[in-house]
Amino acid sequence: MADVPVGARAARGRRRAPVRLPGPIDTGLITVGRLTSLSIASTRYIVTDLVRGRFPWREFILQAWFVTSVSLLPAVLVAIPFGVIVAINVGSLAQQVGATSFVGAVNGLGVIREGAPVVTALLLAGAAGSAICSDLGSRTIREEIDAMRVMGISPVRRLVAPRVAALVVVGVLLCAIVAMTGVLAGYLFNVYVQHGTPGAYLDSFTDFATPGDFIVAEIKAAVFGFLAAIVAAHKGLNARGGPKGVADAVNQCVVLSFLLLFSTNILITQAYLMIAPPVVV
């Protein structure tokens with residue numbers, strides 16, 4: 001190597017330089033890679049710590065209670081008008097075409113299959129996710145995360161994993177509450193305001209709504225909780241620039257979570273309809 005001219009070594013170094021994609025694409029791929037790495041690490045820590053009996057249950061319970069306290073009441077308050085709006089639109093259209101007996105089916109399917117998971121996603125990303133991002137971002141700019149790494153403590157194991165588990169569990173329970181509230185609100189509005197028949201509403205609901213719809217809704221809620229927690233943790237752990245950087249991280253967390261959750265909702269819904277197409281009884 002000593003006999004190789006300096007210019008040749010410089011040219012060889014230039015040839016070995018990686019090819020960079022345009023700025024937004026390169027940044028997006030880096031973000032996807034980091035989110036994937038954080039997802040794998042969090043899942044591994046959750047599984048291994050549960051098996052070994054080292055899971056931080058206290059942190060999990062605190063985070064689950066916090067997420068419930070900031071999400072439960074808004075979710076119920078959103079589910080009630082959501083069920084009523086679906087009942088209004090479906091009821092008026094059903095009366096025009098003479099298909100009032102199918103109001104319960106459409107209202108139930110709309111609320112259970114799509115409404116409950118979407119409301120859950122909005123609350124998990126907007127309320128719980130932003131709070132987690134703010135908390136971890138504040139710890140990052142105060143150098144608490146760096147101090148944990150210096151002491152040999154993994155921030156992902158100690159802070160991220162219990163928050164991911166908490167959002168998944170609370171998301172599943174929250175989706176069930178939202179679905180029940182929305183269906184009940186639609187039923188009461190249809191029967192007592194639109195003067196529908198309770199028997200026809202319940203018959204059409206039970207004929208078309210299947211347990212598979214509720215199971216898919218719960219799967220969506222679990223996936224949404226996982227993704228919202230991962231995005232919030234990623235943005236919080238990578239916050240830079242003081243308090244302004246934390247605020248920017250929270251804003252980016254909410255926007256990215258919404259885009260990711262709605263895209264995932266489309267994919268899961270399409271996959272479910274391909275695997276189990278609706279059957280008219």
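A search of the whole structure, which is a predicted model, finds 0 disulfides. A disulfide is a covalent bond between the sulfur atoms of two cysteines. Cys 253 takes part in no such bond, and the nearest cysteine sulfur, that of Cys 133, lies 4.5 Å away, whereas the cut-off for a disulfide is a pair of sulfur atoms within 2.5 Å. Cys 253 counts as buried because its relative accessibility is 0%. Cys 175 is likewise assigned to the buried class, on account of a relative accessibility of 1%.

The protein contains 9 helices and 0 strands, and the order of its elements from the N terminus is accordingly written α-α-α-α-α-α-α-α-α. Of the 281 residues in the protein, 42% are buried. The exposed surface amounts to about 15,100 Å², and carbon and sulfur atoms supply 69% of this area. Among the contacts with a separation of 6 or more, 85% are accounted for by residues 24 or more positions apart.

Helix H6, which spans residues 155–192, packs against helix H8, residues 211–237, with the two axes coming within 8 Å and crossing at roughly 150°. The crossing of H6 past H8 is right-handed. On the side of H6 the contact is made by Val 160, Arg 163, Val 164, Leu 167, Val 168, Gly 171, Val 172, Cys 175 and Ala 176; on the side of H8 the residues include Phe 214, Ala 217, Glu 218, Ala 221, Ala 222, Gly 225 and Phe 226, together with Ala 228, Ala 229, Ile 230, Ala 233 and Leu 237. By class, the residues of the contact between H6 and H8 comprise 17 nonpolar, 2 polar and 2 charged. Cys 175, the buried cysteine noted above, is thus one of the residues that H6 contributes to its contact with H8.

A further contact of H6 is made with helix H7, residues 198–208, where the axes come within 10 Å and cross at roughly 145°. The passage of H6 across H7 is also described by a right-handed crossing. Here Val 183, Gly 186, Tyr 187, Asn 190 and Val 191 of H6 meet Pro 198, Tyr 201, Leu 202 and Phe 205 of H7. The contact of H6 with H7 has 7 nonpolar and 2 polar residues, and no charged residues.

Val 178, another residue of helix H6, is classed as buried because its relative accessibility is 3%. When residues up to four places away in sequence are not counted, Val 178 touches Ala 75, Ala 79, Val 111, Ala 116, Val 119 and Thr 120. Val 178 also lies 9.6 Å from Gly 83, C-alpha to C-alpha, although these two residues are 95 residues apart in sequence.

Arg 113 is located in helix H4 and, with a relative accessible area of 17%, is buried, the cut-off for this class being under 20%. With neighbours within four places in sequence left aside, Arg 113 is in contact with Gly 108, Asp 213, Lys 220, Tyr 272 and Leu 273. The pairing with Lys 220 bridges 107 residues in sequence, and the C-alpha atoms of Arg 113 and Lys 220 are 9.4 Å apart in space.

Lys 220 is also among the contacts of Ile 268, a residue of helix H9, which covers residues 242–275. Ile 268 is buried, with a relative accessible area of 19%, and, leaving aside neighbours within four places in sequence, is in contact with Val 216 and Val 223 as well as Lys 220. The C-alpha atoms of Ile 268 and Ile 219 are separated by 9.0 Å, whereas the two residues stand 49 residues apart along the chain.

Thr 31, which lies in helix H2, residues 23–52, has a relative accessibility of 19% and therefore counts as buried. Beyond its neighbours within four places in sequence, Thr 31 is in contact with His 234 and Leu 256.

In contrast to these buried positions, Glu 143 is exposed, with a relative accessible area of 54%. Glu 143 is found in the loop between helix H4, residues 103–141, and helix H5, residues 144–150. The phi angle of Glu 143 is near 65°, a positive value in a residue other than glycine. Most residues other than glycine have a negative phi.

Technical notes. Residues are numbered from 1 along each chain as its sequence is written. This is a predicted model: local features need pLDDT of at least 70, side-chain atom pairs count only at pLDDT 80 or more; totals for chains, interfaces and linings use all residues. Side-chain values use heavy atoms; hydrogens and water are left out. Helices (H or I, at least four residues) and strands (E, at least two) are DSSP runs, numbered from the N terminus. Buried means under 20% relative accessible area, exposed over 50%, partly exposed in between (1.4 Å probe, protein chains only). Contact means heavy atoms within 4.5 Å. Accessible areas come from the Shrake-Rupley method with a 1.4 Å probe; for residues, only the protein chains shown count as cover. Axes are lines fitted to C-alpha atoms, for helices over the stretch in contact, and angles run from 0 to 180 degrees between N-to-C directions. A crossing is left-handed if the near helix is turned anticlockwise from the far one by less than a right angle, and right-handed if clockwise. Ala, Val, Leu, Ile, Met, Phe, Trp, Tyr, Cys and Pro count as nonpolar, Asp, Glu, Lys and Arg as charged, and the others, Gly among them, as polar.
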